[in-house]
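Please open the model in your viewer and set it to a cartoon view. We will walk through it stop by stop, selecting a few residues at a time.

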Amino acid sequence: CFHYTKHRSSFSNMSKQYTAMDIANYFIHYNNYRRMENGDDLISNNKMQRLLYYAQGTMLALKNKKLFDDDICAFHYGPAVESVYNEFSKYDAGINKRINNDDLVIDDKTASLLEKVYETFGQFSAGKLTEMSQKEKPFIQTAKCQVIDCKKIKKYFKKHYIEREKE
């Protein structure tokens, strides 16, 4: 457990399994686009962790499959993917990284889903996303520094985000 101290690729199917870093790189790329177009702020590492959690939950609830295999753990400040957190821990004020188009491996359908996740949850600050995620059952029901069960994430997201959206 650690402690906290608009281009799309040419792939066209949703069958590829991604890493959490693939998804994080797409969020950075999309954030760079949004910064130029709309003046969005840089994504902090804390916010990235919550976006990964919300993206995984959305995919599980909508498609009944994982977006990435990396574990999401219940850390002190909320759900996090340790490998991604460690990679971006050097960016204090926000992840200011240029993503080459050749490094993007996300297919169009997945990119569309990620952009919806960003539009829905990216509007909130890192602090607000942390507050939200810490009040959700998958996080509450998981011991600190333990892996959050994807079945819990899927069930929660289906009930509280997907089904609610249909109403």
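How many helices and strands make up the secondary structure of the protein? There are seven helices and two strands. Keep in mind as you look around that this is a predicted model.

**The whole chain**

Color the cartoon along the sequence and follow the protein: the pattern reads α-α-β-β-α-α-α-α-α. Now switch on the surface. The accessible surface of the protein comes to about 8900 Å², and carbon and sulfur atoms account for 45% of that. Of the 167 residues, 47% count as buried.

**Stop 1: helix 1 and helix 2**

Two packed helices are described by the angle between their axes and the distance between the axes. Let's try that on a pair.

Select residues 20–38, which are helix 1, and residues 45–63, which are helix 2. Their axes come within 10 Å and cross at roughly 115°. Helix 1 and helix 2 are therefore roughly perpendicular to each other. The crossing of helix 1 past helix 2 is right-handed.

Which residues make this contact? Show side chains for Ala20, Ile23, Ala24, Phe27 and Ile28 on helix 1, then for Met48, Leu51, Leu52 and Ala55 on helix 2. This contact between helix 1 and helix 2 has nine nonpolar residues, with no polar and no charged ones.

**Stop 2: helix 2 and helix 4**

Keep helix 2 on screen and add helix 4, residues 108–121. Helix 2 and helix 4 pack with their axes 10 Å apart, at an angle of about 125°. That angle makes helix 2 oblique to helix 4. Here too, the crossing is right-handed, with helix 2 passing helix 4.

To see the contact, select Leu51, Tyr54, Ala55, Thr58 and Leu62 in helix 2, which meet Leu113, Leu114, Val117, Tyr118 and Phe121 in helix 4. Sorted by class, the residues of this contact between helix 2 and helix 4 are nine nonpolar, one polar and no charged.

**Stop 3: helix 1 and helix 4**

Next, hide helix 2 and bring helix 1 back beside helix 4. The axes of helix 1 and helix 4 come within 11 Å and cross at roughly 65°. Helix 1 passes helix 4 in a right-handed crossing.

On helix 1, pick Ile23, Tyr26, Phe27, Tyr30, Asn31 and Arg34; they meet Ala111, Leu114, Glu115, Val117, Tyr118 and Glu119 on helix 4. How many residues of each class are in the contact of helix 1 with helix 4? The division is eight nonpolar, one polar and three charged.

**Stop 4: phenylalanine 121**

Zoom in on phenylalanine 121, which has its place in helix 4. Is phenylalanine 121 buried or exposed? Phenylalanine 121 is buried, because its relative accessible area is 6%, and buried means under 20%.

What does phenylalanine 121 touch? Leaving aside residues up to four places away in sequence, phenylalanine 121 touches Leu51, Tyr54, Leu129, Met132 and Tyr161. Now add arginine 50 to the selection: phenylalanine 121 and arginine 50 are 71 residues apart in sequence, while their C-alpha atoms are 8.6 Å apart in space.

**Stop 5: two residues with positive phi**

Most residues other than glycine have a negative phi. The next two selections have positive values.

Go to asparagine 64, in the loop between helix 2 and strand 1 (73–75). Its phi is near 60°. Asparagine 64 is exposed, with a relative accessible area of 52%.

Then jump to cysteine 145, in the loop between helix 6 (137–140) and helix 7 (150–166). Phi of cysteine 145 is near 70°. Cysteine 145 is partly exposed, with a relative accessible area of 30%.

**Stop 6: helix 7**

Finish on helix 7, where you can select cysteine 150. Apart from residues up to four places away in sequence, cysteine 150 touches Leu60 and Lys66. Cysteine 150 and isoleucine 72 are 78 residues apart along the chain, and 8.5 Å separates their C-alpha atoms.

Now select lysine 151, also found in helix 7. Is lysine 151 buried or exposed? Lysine 151 counts as exposed, at 67% relative accessibility. For a last distance, draw a line from the C-alpha atom of lysine 151 to that of alanine 61: the two are separated by 9.6 Å, and 90 residues apart along the chain.

Definitions and conventions: Residues are numbered from 1 along each chain as its sequence is written. This is a predicted model: local features need pLDDT of at least 70, side-chain atom pairs count only at pLDDT 80 or more; totals for chains, interfaces and linings use all residues. Side-chain values use heavy atoms; hydrogens and water are left out. Helices (H or I, at least four residues) and strands (E, at least two) are DSSP runs, numbered from the N terminus. Buried means under 20% relative accessible area, exposed over 50%, partly exposed in between (1.4 Å probe, protein chains only). Accessible areas come from the Shrake-Rupley method with a 1.4 Å probe; for residues, only the protein chains shown count as cover. Axes are lines fitted to C-alpha atoms, for helices over the stretch in contact, and angles run from 0 to 180 degrees between N-to-C directions. Angles under 35 degrees count as roughly parallel, over 145 as roughly antiparallel, 65 to 115 as roughly perpendicular and the rest as oblique. A crossing is left-handed if the near helix is turned anticlockwise from the far one by less than a right angle, and right-handed if clockwise. Contact means heavy atoms within 4.5 Å. Ala, Val, Leu, Ile, Met, Phe, Trp, Tyr, Cys and Pro count as nonpolar, Asp, Glu, Lys and Arg as charged, and the others, Gly among them, as polar.
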